[in-house]
Amino acid sequence: MPSLWPAVPLQGVPGLSVSPISAHNRAKKIRNKAVVNTSTLTKESNAENSKLLLGGGHSRTAEHGLRTDQLTWAHQLEQAREEWQQHYAAVAQERQMMKTFPHLLNVNEDPQLTGVLKHFLQAGSCDAGRAASNAITLQGLGISDKHASFTNSDGRVTVTPHGTCKVVVNGVPIATKTKLQHLDRIILGSSSTYLYIGFPWERGGEDLSRFDYDFFQLERAAAEGVSVDKLGAGDSGGGNADPSVLAVFQDYIKLMPLVAEANQMSEELKKELKMELKVKNLASSDSRGCDLQKEVMVKVTNQRTHEVWIWSKAKFINRKFLMEELYQRFLDGEDSHVVQEDDPFWDPVQVVHVGSAHVWLQPLAYCMRFEEQVAFLNCDGLEEAVLHIHVTPCSPAGRACGEEDVVIDPVELLGKRMDFQIRIVRCLGAKWLKEDAERGIQMGYRIYNLPYTLYTKPVWKIMNPQIEESVQFTALNASQEFLNYLQTNALIVDLWGLQGCAELSCSQPNLLVTGEGHIMVDTKKMSTVTDTGQTASAQMSELDLKLLRLEQETGMLRNINRALSEENALLKESLGKTGSGQQAHQPSGTPKIPEMTQSSAQSPAAREMDQVCTQQASYDREFAKALKGFYQSMNVARGKFLELRRRKPPEDDQMLRPFVHQQSQMLKDFGELLESSLWKLKNDVALIVKKKRECLLHGE
């Protein structure tokens, strides 16, 4: 039997698609049910006919009801036919308008809902917003009553935000009239996303499916400076992306619209909070310069009190659900006021990590003192402040070592006692303090295997605080591992921002100390010995410490005594040769000089040997000075190298040329620094060797 309904093409109907196979299956099901119902209706009809035979009134009533049902069905059939015709006409009209006018195509997180809405931009200007009077009515977070205007004039379409309303084009926020290009991506408010389809002559055979919801978010992330390359996903070697970094990037993309919605709710509820997505350890490294594990976090700032919090991903998502409940009460006209403890927009004040500074310890492995001014870098790799620090090798009594104490090879310190002081002088130009004069700072660091972090005393309300805190550390028996650590690792000093009443504890619990009160490091062997005979947290007794210290000092005295004995023997031998040479040249007729006078005659030779020894010590000092300058240059070079490693090429092709130029200049400066440092070291050593040879020739 032919169908009573005309065939309507539904291909262009937004959100509606019909499969011929599924329609045929449904028709078969309906037909099967009709067969079953026919037998039932036949039985009921026979029973009804039996009743009608008993009375004619009933027959007339049934006939009237049947005619009424037929009229009703005919009316419904005609009404349905008219609706389908109107629908078909609307579909045809929409298709024609799509071919004629530029328009906005909605893009949804659910692909099935993408393309359901089409807003046509005919000649002239039209407003878009929440109000029903607008030509384009929008709903969603962050949409104002009159949000933006679209203008179609002279073959070009522009969009203009109203006031401070949020409009983003191709990932970049705009504040003024902006011309739209075919396939531009537009975000209105927090998350209303649209793809702009240009004039017919601008269009080609583009695949619109690639402009999905994720494309919009990736573009926004790139505009904020976050991409897979920026996170270092391709640095794992062989061009393979690091799965952990990819996971962080996916988290960032998914959280972006959620953070935008949370900010909008905060604004409408007048909570005065601003939330920003950050990547923890984005540009941070460990003590060896290797990248740290990255994770997404949310920085929350109270714009009125300037208080700052750092929320983890899990904490933010939990708070977002609570914010939505509170916001829904606000939309429903209910009381949205809650006590502070139950407010999802509130948290007690906390200490905030501001940045980290790397102080490379290589000079300490050569018993060289050094002074550094190092930048505190935040998680984005930007400078937050400058640290002024001194690291000084010293004696057990705290006397600073001189250039004569410098060693040529760190192995000379193996098994010996090492004392050194770390002195934090000041913190300069802290942005954390510039933003709010009521804030404070603390610094903390942990060296080698120290079990606890040492913190400086808190300093409040001072722009460039003078810290002047010094701590002396002692390695009673310097191990090879400790010496390797000094040569390859940096001391990481963390800068912490204080606000409200929050501070970090400055106490030093359960730290091993020497008899002089110095903090002990490189205690791995001693800890192993004590752990076998005592509890896990037990310390060495004072007697054991004194015995170890005496043993180390005795060993040092033995070494010094042996060196002095060897030097004394050499001096005696030289003096003997000088004295015998003078006696051999003395005339035979010369009267015998008394013994005391003869001894006095040898004193110039002794003085000459003393002068030779003094010159030798002078050469050692010059060599130590040359090494010190070289290692300081290497520290600067290391910093430049790490900076080069952190730099990533920009996503914008227009910025690629300036980036390459700047990168080339930095590489050139880095190479020149290395060459000049090596040249200076070679020149200094050659000069010292030349002077030493001249001295030896003069002595001969």
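## Helix H8 and its strands

In this predicted model, the buried residues of helix H8 (residues 480-488) pack against three strands: E18 (418-428), E22 (466-475) and E23 (490-498). Which residues of H8 are buried? They are Phe482, Leu483, Tyr485 and Leu486. Look down the axis of H8 and these buried residues fall within an arc of 155°, so they line one face of the helix.

## Two nonpolar cores

Strand E18 turns up again in the largest nonpolar core, where it supplies the largest share, five residues. That core has 50 residues, and the ones touching the most other members are Phe376, Leu387, Met443, Tyr445, Ile447, Phe473 and Leu491.

Apart from this core lies another one, made of 30 residues. Its members include Ala221, Met256, Val279 and Val296. As general background, nonpolar side chains tend to be buried together in soluble globular proteins.

## Where H3 meets H5

Ala221 and Met256 from that second core also take part in a helix-helix contact. Helix H3 (residues 213-223) and helix H5 (residues 243-268) have axes that come within 10 Å and cross at roughly 90°. The two helices are therefore roughly perpendicular to each other.

On the H3 side, the contact is made by Tyr213, Gln217, Leu218, Arg220 and Ala221. H5 brings Phe249, Tyr252, Ile253, Met256, Pro257 and Ala260. Sort the residues of this contact by type and you get nine nonpolar, one polar and one charged.

## The rest of H3

H5 isn't the whole story for H3: the buried residues of H3 pack against strands E1 (103-107), E10 (185-188) and E11 (192-197) as well as H5. So which residues of H3 are buried? The list runs Tyr213, Phe216, Gln217, Glu219, Arg220 and Ala221. Tyr213, Gln217, Arg220 and Ala221 are also part of the contact with H5.

Just after H3 comes a backbone detail to check in the viewer: Gly225 takes a positive phi of about 85°.

## Asn263 in H5

Back in H5, have a look at Asn263, which sits in that helix. Is Asn263 buried or exposed? Its relative accessible area is 16%, and buried means under 20%, so Asn263 counts as buried. Leaving aside its neighbours within four places in sequence, Asn263 is in contact with Leu273, Lys274 and Met275.

Definitions and conventions. Residues numbered from 1 in each chain as written. Predicted model: local features only at pLDDT ≥ 70, side-chain atom pairs only at ≥ 80, totals over all residues. Heavy atoms only, no water. Axes fitted to C-alpha atoms, helices over the stretch in contact; angles between N-to-C directions. Helix = DSSP H or I, 4+ residues; strand = E, 2+ residues; numbered from the N terminus. Parallel < 35°, antiparallel > 145°, perpendicular 65-115°, else oblique. Contact = heavy atoms within 4.5 Å. Nonpolar A, V, L, I, M, F, W, Y, C, P; charged D, E, K, R; others polar. Buried < 20%, exposed > 50% of the residue type's maximum accessible area, 1.4 Å probe, protein only. Arc of directions from axis to C-beta. Core = buried A, V, L, I, M, F, W, Y, C linked by side-chain atoms within 4.5 Å.
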